[in-house]
Amino acid sequence: MDDIRNVARFERYGSCSGGTREKLHGRGLPRQAVRMPELPDITAYLTALEPRVVGQRLERVRVASPFLLRTADPPLEAVEGKVVQELRRIGKRIAFGLEDDLWLVLHLMIAGRLHWKAAGAKLAGRNTLAAFDFAEGSLVLTEAGAKRRASLHVLRGQESLRAVDPGGIDVFAADLERFRGALTVENRTLKRALTDPRFLSGIGNAYSDEILHAAQLSPIAQTQKLKPEEWERLFKATRETLTLWMDRLGAEATKKFPEKVTAFRPEMAVHGRYGQPCPRCGDKVLRIRYADNETNYCARCQTGGKVLADRSLSRLLGSDWPRTLEELEALKRK
């Protein structure tokens, strides 16, 4: 019973007694939720970058981290002195199209972020990985944390560019039938299907939570078991949710460069709002924690009041795991 009370405290406040805390983290519960920039964030970066770099000459690329550059041919020096002719989004990657059909492709991964600095900005600090120098300013790439996951590819030609595309469809270029077909290639949970870059382009942990809440669907519903009306709701919610945030972040990016890209925005319905009231029904937002991610959802709106089992916690609690909102509240009161 002490462990159960401690878990309830952990779920409410994010803390518990030392022994239970070690059990939880030892079973894979993350200490901190993280996420990478997604389609609306990448679109905001492109909106901010276009007036700054398209038509401008890339004078120099300075790389501070040996782990960033993942290609050797063409060499990095090949892009220096070339004019940026276009920008593209490839999934969650940003592609700079330069003269002579050369491409710089940046994948920010989880902790990579872009910053617009004065021309010739110094590569200062352990988190600074590279700078792309233009006459009017420098685009600086940083990555928080010790792990270096962000990547830079130098490519030549459209075929090489297609090779780095995971293949997910653009939901705005698809109809309902194609959308459904992409997500039912494999029988996956909705959460995993929405965030698989082979199925859909540019959707990750944060916006999948928002999409599923808008569609009033469970994150663990199986794709091959959805009803026709549920597919219609999901398709509509996906497009409307992404459009809402693309417009919102894009408008901000026209005013200033998006220096602080984050998933935790107060305007969001459920993502990053664990324990706060659902804007639709008022019940507290719940979560499932796994690996390095966290899924947020409203049990009342999305799962018919059922509390979804967290693999780590439900294994710890066994038959004592609360199955409903009422059981969860009773557990917290003990």
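## Aromatic pairs and nonpolar cores

This is a predicted model, and the protein chain averages a pLDDT of 84, with 81% of the residues scoring at least 70. Two stretches are where you'd want to be careful. Over residues 1-34 the pLDDT is below 50, though the model still gives this stretch 63 contacts beyond near neighbours in sequence. Residues 313-334 also have a pLDDT below 50, with 47 contacts beyond near neighbours in sequence. Where pLDDT is low, the predicted coordinates shouldn't be read in detail.

Now for the rings. Searching the whole structure turns up 6 aromatic pairs. Two of them are set out here.

| Pair | Geometry | Centre to centre | Angle between planes |
|---|---|---|---|
| F96 and F132 | stacked | 6.4 Å | 15° |
| F179 and W231 | edge-to-face | 6.2 Å | 85° |

Take the stacked pair, F96 and F132. These two rings link distant parts of the chain: F96 is in strand β4 (residues 93-98) and F132 is in strand β7 (residues 128-134), 36 residues apart. F96 is buried, at a relative accessible area of 5%, and F132 counts as buried too, at 4%. If you're wondering who else F132 touches, leave aside its neighbours within four places in sequence and its contacts are L58, R60, V61, L104, L106, G137, S138, L139 and L152.

The edge-to-face pair is F179 with W231. F179 lies in helix α5 (residues 176-183) and W231 in helix α8 (residues 228-255), so this pair ties together parts that are 52 residues apart in sequence. F179 is buried, with a relative accessible area of 0%, and W231 is buried as well, at 1%. Ring pairs also bring in F235, giving a cluster of F179, W231 and F235.

Both rings of the stacked pair turn up again in the nonpolar packing. The largest nonpolar core has 63 residues, and F96 and F132 are among those with the most contacts inside it, alongside V79, L104, L114, L183 and L234. Helix α8 supplies the largest share of this core, 8 residues. There's also a second, separate core of 7 residues, which includes I90, W103, V105 and L155.

Finally, two arginines sit over aromatic rings. R248 has its charged end over the ring of W245, 4.6 Å from the ring's centre. R287 does likewise with Y274, lying over its face at 3.7 Å from the ring centre.

Note on methods
Residues are numbered from 1 along each chain as its sequence is written. This is a predicted model: local features need pLDDT of at least 70, side-chain atom pairs count only at pLDDT 80 or more; totals for chains, interfaces and linings use all residues. Side-chain values use heavy atoms; hydrogens and water are left out. pLDDT is the predictor's confidence in each residue, from 0 to 100. Contact means heavy atoms within 4.5 Å. Rings of Phe, Tyr and Trp (its six-membered ring) pair if their centres lie within 6.5 Å; planes under 30 degrees apart count as stacked, over 60 as edge-to-face and the rest as tilted. Helices (H or I, at least four residues) and strands (E, at least two) are DSSP runs, numbered from the N terminus. Buried means under 20% relative accessible area, exposed over 50%, partly exposed in between (1.4 Å probe, protein chains only). A charge sits over a ring if NZ of Lys or CZ of Arg is within 6 Å of the ring centre and within 35 degrees of the ring normal. A nonpolar core is a set of buried Ala, Val, Leu, Ile, Met, Phe, Trp, Tyr and Cys residues joined through side-chain atoms within 4.5 Å.
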